Amino acid sequence: MATDIESSSKIPENEGDHVDMLDASFDGYGGVIVNVKEDMDENVFITLLRTSIFQWRQQGKTGVWLKLTIELVNLVKPAVQEGFWYHHAEPTYLMLVYWIPETKHTLPPNASHRVGVASFVVNDKGELLVVQEKSGAFKGTGVWKLPTGTVEEGEDIFVAAIREVKEEAGIDTEFVEVLAFRQSHKSFFSKSDLMFVCMLKPKSSVIEKQDSEIEAAQWMPVEEYANQPFIKKHKSFDYIAKICMAKKDNKCVGFSALSTATATSAKKSYLYSSYQEE
């Protein structure tokens, strides 16, 4: 495919000649980021794409990231025909990639994990906040479980845990610690899954369940939750229950959120650790 692109490109005879190319920027890894903002004829697009890749090859560039918004779906097929492949998709765009060198590509893969939270909320009476779900694997089983949910884009783990409890049961909470996390594979459209078990302290007690997703919600003694046949039967649930009971009895230490910042962009982030500053 690389040879076809070179032979089909319109190459200037002199360095000073103007060359029409796709609008692009360069990243710090020798890559090219193309963001097509306006619709164009497919043949014009192919010509610009071939010319651009030829020039980028001459410049020693490697990976090409081609972002096409949902309005530019007509350009997806010609891009694939020129050797691009899908990398990932979001609600408003599709990202395609291409590797210029005749070597195995080293482009980073699409996100491999979905991140979720399970909230361990215990009140002063030693009661655990539990719910029964209206849909999914637990529908109609009668199993009482911890409030769970998915971390949203740009959302911190502990913030997600607080939000899910508020949405599902109407209870206000504050984050205490991450008690454990579980990794599993091939769980959601072939993606892996990370589930963080967070301990939260309730700031209110009156339950207002979410009618759309939650069948029932209540405060239950931790021991009663842990002794459910389903919990005892499934090892991962049993482990989590034992960890939660140990934490209730102050027999284990979790990971608190230490506010910090990323090294490259200085964006606020959190480090979860059992480290305690003196």
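## Cysteines and disulfides

In this predicted model, a search of the whole structure finds zero disulfides. Cys-198, for instance, takes part in no disulfide, and the nearest cysteine sulfur, which belongs to Cys-244, is 10 Å away. A disulfide is a covalent bond between the sulfur atoms of two cysteines, and the cut-off used here for such a pair is a sulfur separation within 2.5 Å.

Cys-252 is also unpaired, because its sulfur is 8.2 Å from the closest cysteine sulfur, again in Cys-244, and this is too far for a bond. As for their surroundings, Cys-198 is buried, with a relative accessible area of 0%, whereas Cys-252 is partly exposed, with a relative accessible area of 22%.

## Fold and overall dimensions

The protein has seven helices and 13 strands, and its C-alpha trace spans about 80 × 50 × 30 Å along the principal axes. Its radius of gyration is 26 Å, while a compact globule of 278 residues would have a value near 19 Å.

Among the contacts in the protein with a separation of 6 or more, 61% are accounted for by residues that lie 24 or more positions apart.

## Burial, surface and charge

Of the 278 residues in the protein, 40% are buried. The accessible surface comes to about 16,500 Å², and carbon and sulfur atoms hold 52% of that surface.

The protein carries 30 positive and 40 negative charges, and the mean positions of these two groups are 8 Å apart.

Key. Residues numbered from 1 in each chain as written. Predicted model: local features only at pLDDT ≥ 70, side-chain atom pairs only at ≥ 80, totals over all residues. Heavy atoms only, no water. Helix = DSSP H or I, 4+ residues; strand = E, 2+ residues; numbered from the N terminus. Rg over C-alpha atoms; globule rule 2.2 N^0.38 Å. Buried < 20%, exposed > 50% of the residue type's maximum accessible area, 1.4 Å probe, protein only. Contact = heavy atoms within 4.5 Å. Areas by Shrake-Rupley, 256 points an atom, 1.4 Å probe, with all protein chains shown as cover. Lys, Arg positive; Asp, Glu negative; His and termini not counted. Charge placed at Lys NZ, Arg CZ, Asp CG, Glu CD.
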